[in-house]
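Trainee: I should like to learn how to read the features of a structure model. Could you take me through this one?

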Amino acid sequence: MEQWENGRHRRPLLGRRRMLTWLAVGSVTAVGGGVALRQSLAGAAVAPAGPQPTQGLPALDESGRKWSDVKGWGGKAPGAGSAVRITDKVVLDTDARVGSLLIDTGGSLVFAKGRSLTLESGGNVEVRGVLALAPDAAHTHTLRFPGIDEHRFQGGGMTVVDTDTGLWVTGSGYLRLDGAPRTAWVRAAGELKAGESTVRLAAAPEGWQVGDELAVTPTAPPDAEGFSEAYDLATIQRIDGPNLTLAAPLQHAHPRVGVGGGAVFGAEVLNLTRNVRVEGTEQGRAHVHLTSSRPADIRHAALSRLGPRAAGKDSWNGQPVTEPVLGRYGLHFHMLQDASRGTVVEGVVVRDAGSHAFVPHMSHGITFRGCIAHHTWEDAYWWDGPSDTRNPQGPSDDIGYLGCVASRTVFEPNQRGYRLTGFSLGAGTGSTARDCVAVGVQGATGASGYEWPENSEGVWTFENCLAHNNLENGIFVWLNAAHHHTVTGFAAYHNGGWGIEHGAYLNDFDCTASVLYGNAAGGIAVHALGRDKGTVLDGLLIDAAGQSDYAVSTLKHQLDGEMVVLSRSRLTGYRKAGVAFRATVDGKPDDIAVLDCEFGDGPELWLDPEAPAPKQILFRKAGQSGTVALAKPAPGLAAGPWNAATSPANAPTPPRQVVLPALKFTDSAPKTGRVQGG
């Protein structure tokens, strides 16, 4: 018999004279002895049935027996206290609530596409067969986990844990979440003013409907109060092509920002509504965990109130703080290796989550297209790092982040959010981040929109990505790299720190054709010197827009390395100087060349008198043929115009013309569609 404790479904005790009755195919069946049942409920590994999956998509068969037909359940339909096991084909045609659900190998549960349906489960839903939520555009399918007690979560491991309530896809199970397509996000076509209730978008979105919930991102400069948190949540009251009428006026201004390089950015308007939903509740967060050998199809779904948290060992200002439960994230692909190749996650929203949003952990070949993480804790797009700095990170290869958004990424408490990031660009090969947006990332020192993390080196194609209105940096590199890395077509505006903060000790990066505008600390901070070929910053437009003293500044260099070259760029809008050389006395001296760059008003360079004598600083202004070396003035001699002494020098390259970036950003998320062949 089913057992409940404090209103919650509890696994009954087994052994001796106890047994659990499963409501199953066509009749009630009993499992005695406890062994097989205990393995199922406790999550013992289940060997995949049959061969590895093929690329073909299974058809959704709605010819199965109906959930509402009590004859299929032996005369009594499952209830809130039932542990349900499905081994045949079942169509959910009515709202239902169960204590737990196992869709066994060979079984399927398909939500009827022409109805709005909700299935609630007080315990785990485990999928070894097929689970499909694929409504037509007029209806909504919801899988909800009410009454979760996050204090019971154990975390970790490859197998199902019955206390860790959520959606588990195991064995050779197949998950299809296939909602109606919605354009994930579109930028506003103009400035949005506080008090307005109309929004004109840069393009007409697909699939948006009256009643959809929107998040409008902040765009104000970093000297504005709350610049990284000034979101508007709004509801669509009327829609006419690209023109929206909101149910209530905007509370914040969202200016349209011209950053240069041909790019003008309006606020991103994120659509957070989908008609497929997997959710916990405000009282308890669930999770989605995939270890199946069969690639999933997860499209146009909203995953909300996931990612449980547990009491941590630390406190802050005398108050206890929580920490994420290991392995229990928003959408977690766990150590699938090549079995995940071909998986598509498209148009998916993870929101209001207590932990990481999208986690392809040691799982290869997954494409995330037009996805949104909004108001989530911990790094939004991430996979597990090494256990300590002496070990490498397990790689995930061929991951694609295409037109994805990390929005309002938070930490508890924010002052402890060191190196919090929207996109952690971790270990592996063949991965791509293109046309992505990181906005409203909170955190403390080293936090950023995008991070190349320490001891987790992956070689990424990184193109046409944007970071704005993050509390700290646009990009944070803290990598001692063995490989060469490139950043191209990047834009960072109105961040509270640097556009790019570049460390750690030695690495080789090329940053080209990028624009850094109005970032509070400056355009680029240079910590790291080059490893083999040196770092090259070429063809940049750095406009401080009056927000910072310097466009570029060197900082502490931990190790002596190869030269950093800043070339063919334009630096303007700074308050004191274009480039400040500020290496610290407890590190290695500056080794940098500034060649063929244009400057705005004020000194081009400034050598900090507190910095040690440089190893080498070369300077050749755009349009000039001569190169000079900067040095500290000899004792008793007056400094020159850059607070430095100069002498003729030879540059590593002949004079070249300034090459300014011509950015080509799209104003909306990539087009997405439903699963084909189903």
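Mentor: Let us begin with a term: two strands are said to pair if DSSP finds at least two bridges between them. Please bear in mind that this is a predicted model. One example of a bridge joins Ile 236 to its partner Leu 246 in β21.

Trainee: With which sense, and over how many bridges, do β20 and β21 pair?

Mentor: Strand β20 (residues 232-240) and β21 are antiparallel, with 4 bridges. Their hairpin has 2 residues between the strands, and Gly 241 takes a positive phi near 65° there. Strand β18 (residues 198-200) also pairs with β21 in the antiparallel sense, over 3 bridges. Within that pairing, Val 199 has Leu 244 of β21 as its bridge partner.

Trainee: Which residues of β21 are on its covered face, and which on its uncovered one?

Mentor: The general idea is that side chains in a regular strand alternate between the two faces of the sheet. In β21 (residues 243-246), Leu 244 and Leu 246 make up the covered face, whereas Asn 243 and Thr 245 make up the uncovered one. The two covered residues, Leu 244 and Leu 246, have already appeared as bridge partners, the former of Val 199 and the latter of Ile 236.

Trainee: Which side chains of β46 are buried?

Mentor: Strand β46 (residues 484-488) alternates as well: His 485 and Val 487 point to one face and are buried, while His 484, Thr 486 and Thr 488 point to the other and are not. This strand runs parallel to β49 (residues 508-512), to which 5 bridges join it. The buried His 485 stands opposite Phe 509 in β49.

Trainee: Is Asn 507, in the loop between β48 and β49, buried or exposed?

Mentor: The cut-off is under 20% relative accessible area for a buried residue. Asn 507 has a relative accessible area of 0%, and therefore counts as buried. The loop that holds Asn 507 lies between β48 (498-503) and β49. Beyond four places in sequence, the contacts of Asn 507 include Val 477, Leu 479, His 502, Leu 529 and Arg 531.

Trainee: Why does Gly 394 count as partly exposed?

Mentor: Gly 394 is partly exposed because its relative accessibility is 21%, and the partly exposed class lies between the limits of 20% and 50%. Gly 394 belongs to the loop between β36 (372-377) and β37 (400-402). Apart from neighbours within four places in sequence, Gly 394 is in contact with Met 362, Trp 383 and Ala 427. From Gly 394 to Gly 426 the C-alpha separation is 9.0 Å, with their positions 32 residues apart in sequence.

Trainee: Which residues have the most contacts inside the largest nonpolar core?

Mentor: They are Trp 67, Leu 109, Leu 131, Phe 358 and Phe 490, in a core of 111 residues. Strand β58 (residues 591-599) gives the most to this core, with 4 residues. A second, separate core has 24 residues, among them Ala 184, Ala 215, Leu 272 and Leu 466. To return to Leu 131, the residues that it touches include Ile 103, Leu 109, Phe 111, Tyr 174 and Arg 176.

Trainee: What is the volume of the largest pocket, and which residues are closest to its centre?

Mentor: The volume is about 850 Å³. Of the 35 lining residues, His 356, Glu 378, Asp 379, Trp 382 and Gly 385 are the closest to the centre. The elements giving two or more residues to the lining are β29 (309-316) and β30 (319-324). By class, the lining has 12 nonpolar, 10 polar and 13 charged residues.

Note on methods
Residues are numbered from 1 along each chain as its sequence is written. This is a predicted model: local features need pLDDT of at least 70, side-chain atom pairs count only at pLDDT 80 or more; totals for chains, interfaces and linings use all residues. Side-chain values use heavy atoms; hydrogens and water are left out. Buried means under 20% relative accessible area, exposed over 50%, partly exposed in between (1.4 Å probe, protein chains only). Contact means heavy atoms within 4.5 Å. A nonpolar core is a set of buried Ala, Val, Leu, Ile, Met, Phe, Trp, Tyr and Cys residues joined through side-chain atoms within 4.5 Å. On a 1 Å grid over the protein atoms alone, a cavity is a set of points where a 1.4 Å probe fits but cannot get out, and a pocket is an open set with protein on both sides within 12 Å along at least five of seven lines; lining residues have an atom within 4 Å of a point. Grid points are joined across faces, edges and corners, and a volume is the space filled by probe spheres set on the points. Ala, Val, Leu, Ile, Met, Phe, Trp, Tyr, Cys and Pro count as nonpolar, Asp, Glu, Lys and Arg as charged, and the others, Gly among them, as polar.
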